[in-house]
Amino acid sequence: MTIEKIKRQLRNSTHPIESILHENEHCMVTLVGFANGMMLRERTFEKPTKMIVLNGSVKYIELDKKLILSKYE
């Protein structure tokens with residue numbers, strides 16, 4: 001699934017759209033698309049994870065840390 005396909009699906013969605021782009025024994029690359037005001041449920045990951053915001057901003061909460069991630073952070 002490409003970023004453009006996720007963006008098309010978001011037009012008619014009330015929840016975030018997720019898709020695994022790549023996975024191996026060491027890491028996983030997951031695409032997650034959000035529209036304004038959407039929230040992703042609390043979750044944990046078994047493999048090292050990195051989030052990169054391509055457009056807009058995301059409020060990220062990890063344990064007692066709260067961060068606002070902006071474009072390309």
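What percentage of the 73 residues of the chain count as buried? In this predicted model, the share is 16%. The views below start with the whole chain and then move in on single places.

**View 1. The whole chain: one helix and four strands.**
Read along the sequence, the pattern is α-β-β-β-β. Helix 1 covers residues 3–10. Strand 1 spans 17–23. Strand 2 runs over 28–33, and strand 3 over 57–62. Strand 4 takes in 65–70. Along the principal axes, the C-alpha atoms fill a box of roughly 30 × 30 × 20 Å. The accessible surface of the chain is about 6,500 Å². Carbon and sulfur atoms supply 53% of that surface. Now take the contacts with a separation of 6 or more: 17% of them join residues 24 or more positions apart. The chain also carries 12 positive and 9 negative charges. Their mean positions lie 9 Å apart.

**View 2. The salt bridge between K7 and E4.**
How many salt bridges does a search of the whole structure find? The search finds one. Here the side chains of K7 and E4 meet, at 3.7 Å from N to O. Both residues sit in helix 1, three residues apart, so about one helical turn separates them. K7 has a relative accessibility of 46%, so this residue counts as partly exposed. E4 is also partly exposed, with a relative accessible area of 46%.

**View 3. L10, a buried residue of helix 1.**
L10 belongs to helix 1. Is L10 buried or exposed? Its relative accessible area is 13%, so L10 is buried; the cut-off for buried is under 20%. Which residues touch L10, once neighbours within four places in sequence are set aside? They are H15, I17, G33, F34, A35 and M38. I17 falls in strand 1 (17–23), and G33 falls in strand 2 (28–33). H22 is not on that list of contacts. The C-alpha atoms of L10 and H22 are 21 Å apart, with their positions 12 residues apart along the chain.

**View 4. H26, in the loop between strand 1 and strand 2.**
H26 is exposed, with a relative accessible area of 56%. Leaving out neighbours within four places in sequence, H26 is in contact with K47 and P48. E46 is 20 residues away from H26 in sequence. From C-alpha to C-alpha, H26 and E46 are 9.8 Å apart.

**View 5. A nonpolar patch on the surface.**
Which residues form this patch? They are I3, I52, L54 and Y72. Together they have about 430 Å² of accessible area. I3 falls in helix 1, which covers residues 3–10. L54 lies in the loop between strand 2 and strand 3. At 45% relative accessibility, L54 counts as partly exposed.

**View 6. K59 and E62, two residues of strand 3.**
K59 has its place in strand 3. At 60% relative accessibility, K59 counts as exposed. Not counting residues up to four places away in sequence, K59 touches L67 and I68. L67 and I68 fall within strand 4 (65–70). M39 is 20 residues from K59 along the chain, and their C-alpha atoms are separated by 9.2 Å. E62 is found in strand 3 too. E62 is partly exposed, with a relative accessible area of 33%. M28 is 34 residues from E62 in sequence. In space, E62 and M28 are 19 Å apart, C-alpha to C-alpha.

**View 7. L63, with a positive phi.**
L63 lies in the loop between strand 3 and strand 4. What is the phi of L63? The angle is about 50°, a positive value, although L63 is not a glycine. Most residues other than glycine have a negative phi. Is L63 buried or exposed? With a relative accessible area of 83%, L63 is exposed.

Technical notes:
Residues are numbered from 1 along each chain as its sequence is written. This is a predicted model: local features need pLDDT of at least 70, side-chain atom pairs count only at pLDDT 80 or more; totals for chains, interfaces and linings use all residues. Side-chain values use heavy atoms; hydrogens and water are left out. Buried means under 20% relative accessible area, exposed over 50%, partly exposed in between (1.4 Å probe, protein chains only). Contact means heavy atoms within 4.5 Å. Accessible areas come from the Shrake-Rupley method with a 1.4 Å probe; for residues, only the protein chains shown count as cover. Lys and Arg count as positive and Asp and Glu as negative; His and the chain ends are not counted. The place of a charge is taken as NZ of Lys, CZ of Arg, CG of Asp or CD of Glu. Patches are made of residues with over 30% relative accessible area and no salt bridge: like charges are joined within 9 Å, nonpolar side chains (Val, Leu, Ile, Met, Phe, Trp, Tyr) within 5 Å. A salt bridge is a side-chain nitrogen of Lys or Arg within 4 Å of a carboxyl oxygen of Asp or Glu.
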